[in-house]
Amino acid sequence: MRICVVGCGAVGSLFAANLATLDDVEVWAYDASHEHVEAINSDGLRLTGAGDVTGRLRATADPTELPSCDFGIVATKAMHTASAIAATAHAFADGCVATVQNGIGNEEVLAGHVERVIRGTTFPAGKLVAPGVVQWDVKGDTTLGPFEAQPAPFAEVERLADACTRGGMPTAAVRDARGPQWRKVIFNAATNPLGALTGLTHGRVCEQPALRRLASQLVDEGKAVADAQGIVLDSDPEELIDYAARPDVAYEHKASMLQDVEARRQTEVDYLNGGIAEFGQRFGVPTPTHMSIWALVKGVEASWQQ
Amino acid sequence: VKSICVAGAGVIGSLFAAHLARVAEVSALTRREEHARALREQGLRVSGRAEFDVHLAASTAPSELPEPELVIVACKAGDLDDVAARLEGHWPDAIVMPVQNGIGADEIVARHGDWRLLVSVTFMSGTRHEDTHVQYVLDTATWIGPGRGTTPADAQAVAELIASSGLKAEAFDDLRPAQWSKLIFNATVNTVAALTGLPHDPHFAALGRPDDLGHLVQGLMDEGKAVARAAGVELWEDPWEMNVLATQRGSAHYPSMLEDVEARRPTEIDMITGSLVREAHRLGVPVPLHETMERLIKAKEDTYR
């Protein structure tokens with residue numbers, strides 16, 4: 001089985017390095033960073049922290065080098081989905097492509113370029129600390145399911161899930177993957193921007209009663225938007241927020257949006273709060289808090305142009 | 001009015017004290033002893049829009065200062081309760097005029113004595129260089145209106161005195177419409193600027209895309225207007241129009257709350273947004289957006305406490 005990880009940042013690296021430990025899987029990684037690609041090719045892709053893994057795989061920044069693959073796992077930042085899949089789609093002409101990205105709307109973008117799409121949601125997190133080296137901060141589960149509008153065959157979804165699980169990334173194949181996805185989107189949209197706007201880690205956001213209430217307000221608006229689409233959340237995002245705040249889980253974790261703001265990189269707010277706000281508008285559900293948070297984070301991004 | 005005490009000699013207090021010392025007997029009540037000593041020994045220097053030096057009495061104890069007819073309380077909003085407490089029992093015949101941002105400063109002062117009160121809003125600004133040197137930057141007006149026990153004529157007399165000293169001042173028969181316009185404007189512009197890092201620039205009036213900041217600014221101002229309506233106040237100026245005009249001026253203003261968070265100082269959130277939210281709760285008007293901004297600013301303050 002040949003799998004190509006498209007976008008080998010923190011999350012992409014967790015998949016790529018773990019899958020590369022399997023004998024029956026050939027792993028490729030496509031990433032725009034030449035430094036990162038060269039480091040992976042010469043020294044392997046190294047994970048430290050929650051797990052110590054060094055994966056041997058082929059990395060490239062040149063999409064024409066990619067062979068035909070059975071599966072793609074897209075893990076770019078959401079704003080890079082379109083350009084990344086446009087460059088690599090040829091490798092998946094006979095395969096299936098899964099997204100494990102943040103936010104809502106990535107499947108629709110992939111479906112514009114490839115035939116068979118897998119809706120995915122993943123919880124593990126980390127950060128790229130040096131070319132070829134990723135710190136694995138948080139372990140967690142992944143859920144994959146056929147994308148309703150352009151589904152991959154369920155047997156293929158199961159085959160990919162099985163490989164990920166055997167590689168050390170526990171993954172479930174499910175018929176309807178919208179519930180886990182919306183739970184994560186709501187979780188992220190309710191917590192990431194609060195960290196990004198205040199500078200606080202996840203645990204410290206949750207310690208402040210006023211901010212924790214604000215997170216709940218965001219959760220409630222998000223749940224109403226999911227309800228309106230007939231999506232049944234697989235569990236309550238509130239539980240996830242409190243679970244992640246535990247010292248042994250993600251208390252000290254700086255949400256990716258806070259990492260982005262500190263590095264002055266464009267954030268994924270358009271696909272989180274913006275995604276919820278847009279679906280809310282489409283389904284007639286008011287989301288005033290998501291709208292406000294969305295505008296504030298866009299304002300932060302705009303302030304870097306000053 | 002011939003004798004004035006300025007309580008709190010920061011930027012605004014120093015500007016009042018120095019200018020008024022040219023037309024009246026002025027003393028300064030300071031928090032720090034070395035500040036009072038420096039003022040007694042070196043006087044106070046103004047630069048910028050006006051250049052002059054004055055001498056004045058200064059102390060950390062009201063009992064050591066001559067009895068004034070007017071007390072201008074110009075400390076930071078967060079220190080107002082402490083400063084008013086220090087004035088307790090002193091100068092019962094004086095008129096006291098707090099000049100802090102927000103609304104409700106007069107009520108805080110009123111808890112500490114039966115003085116007659118004036119209410120005010122000041123738009124002037126400056127930069128403090130030393131304890132004894134302040135630069136006069138923006139020569140915008142101070143607006144004054146009657147409060148507990150005072151009349152429009154009292155407000156007029158104080159406004160004329162301030163104007164005669166070289167600062168700008170205007171008296172209102174009822175200050176609340178102007179005060180509320182400024183409060184709604186300030187609570188919105190300061191918090192949005194402090195959270196985004198943007199100075200008050202055209203982003204604040206942009207409405208083209210759903211994620212443009214103008215929608216949030218408008219939402220915050222609409223909540224504020226609903227509170228003013230419930231309080232029976234008809235606004236002096238429409239805050240949204242003030243916002244649009246201010247962002248068209250070309251040079252973007254740095255709101256004080258943005259400066260405060262960038263310097264990792266405590267902000268005036270309690271006096272600005274806090275006073276609006278307290279009024280809203282008292283009147284039963286929902287202000288979820290202002291509450292959101294207040295929570296976020298307080299959390300931001302916590303990161304550097």
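Buried area is the accessible area, taken with a 1.4 Å probe, that two parts lose on being put together, summed over both. By that definition chain A and chain B bury about 2,000 Å² between them, with 65% of it on carbon and sulfur atoms. Of the area that chain A buries against chain B, A:Thr198, A:Leu296 and A:Gln306 supply 24%, more than any other three residues.

This is a predicted model, in which local features need pLDDT of at least 70 and side-chain atom pairs count only at pLDDT 80 or more, while totals for chains, interfaces and linings use all residues. Residues are numbered from 1 along each chain as its sequence is written, and side-chain values use heavy atoms, with hydrogens and water left out.

Counting contact as heavy atoms within 4.5 Å, 27 residues of chain A meet 22 residues of chain B. Between the two chains there are zero salt bridges, a salt bridge being a side-chain nitrogen of Lys or Arg within 4 Å of a carboxyl oxygen of Asp or Glu.

Three helices (DSSP runs of H or I, at least four residues, numbered from the N terminus) each supply at least two residues of the side of chain A that touches chain B:

| Helix of chain A | Residues |
|---|---|
| H6 | 178-198 |
| H8 | 209-228 |
| H12 | 288-303 |

The largest share of that side, 13 residues, comes from H12(A). Its residues divide into 14 nonpolar, nine polar and four charged, where Ala, Val, Leu, Ile, Met, Phe, Trp, Tyr, Cys and Pro count as nonpolar, Asp, Glu, Lys and Arg as charged, and the others, Gly among them, as polar.

Methods:
Chains are lettered from A and ligands numbered from 1 in the order in which they are written.
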